[in-house]
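Work through the exercises below with the model open. Try each task before you read its solution.

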Amino acid sequence: MNISDLPRLMQCRPSVDLASIAPKFDRPESESRRESEAARYALALALGNPSGGVDLIGMTCANGYIVDVDMADRLKKIEAHIRDRDPEASLHPYAKIDWSIQTGNSDHTVFSGIADCVAWNATNRTMYIDELKYGYRLAEVENNYQLIGYAIGAMMRYGHIPDRVVMTIFQPRTWHPDGPIRTWVIDRQTLADARLAIVHRFAEPPTSCRTGRECYGCAAAGVCPSIAAAASAAIEFGMD
């Protein structure tokens, strides 16, 4: 399971089982998705240079997208924020994360994903989890289980035992009352409680699906009875 799907799991447990039987299809790559992938690629290259100063303008990313002036300017501000907030922290850009939980007598569910940056300050035992959301769909940072999933996996991969976890979403193109950089700070116990909540969520017997913002991009949408019922209700409402 992709770590980015954890918010959907916590909102709608049955979607996991429905997705396994839903027809599979390749989603066409939108321009917005290409931009987002390119932005993550360029940010990783910028953060990966210890001295900074990478010229992003005109860079050709792995997907062929060319970084323009506006994207380069936004990414440079994000890079500066990550470097300046804690100069003693070591940076791990584009960090590949894998961790698992036991979901049966012998079965395990593996969560995988790539965090845009994981940073660690051993002196004050602070771990940073950074997520770039370059698209326009609004994302909240508090209780964001995608970031929580990255934090759990980063602890396991790097062996960090943090006293404090600082999770940040960078969303430079979408308006939010708290601004384009939003941070949620938790302690180690809160992170442990969140992991336990994920384990308990998997242990719950599937009930009926719940519709909400997490339906966007759900692999089970085509066979979900709750989405079908909500759509029918919307049509009926519109025709009254």
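**Exercise 1.** Find the residue in S4 that stands opposite Leu132.

*Solution.* Leu132 stands opposite Phe170 in S4. The model is predicted: local features need pLDDT of at least 70, side-chain atom pairs count only at pLDDT 80 or more, and totals for chains, interfaces and linings use all residues. Residues are numbered from 1 along each chain as its sequence is written, and side-chain values use heavy atoms, with hydrogens and water left out.

Next, take the pairing. S3 and S4 run parallel, over 7 bridges (strands pair if DSSP finds at least two bridges between them). Strands are DSSP runs of E with at least two residues, helices runs of H or I with at least four, numbered from the N terminus.

**Exercise 2.** Which strand pairs with S4 in the antiparallel sense?

*Solution.* Strand S5 (residues 181-187) does, over 7 bridges. Check one pair: Arg164 faces Asp187 in S5.

**Exercise 3.** How many residues of strand S4 are buried?

*Solution.* Strand S4 spans residues 164-170, and 6 of its 7 residues are buried. Buried means under 20% relative accessible area, exposed over 50%, partly exposed in between (1.4 Å probe, protein chains only).

**Exercise 4.** Place Asn144, then decide: buried or exposed?

*Solution.* Start with the location. Asn144 sits in the loop between strand S3 (126-132) and helix H5 (145-158). Now the accessibility. Asn144 counts as buried because its relative accessibility is 11%. Last, the neighbours. Leaving out residues up to four places away in sequence, Asn144 touches Pro7, Ile169 and Trp184 (contact means heavy atoms within 4.5 Å).
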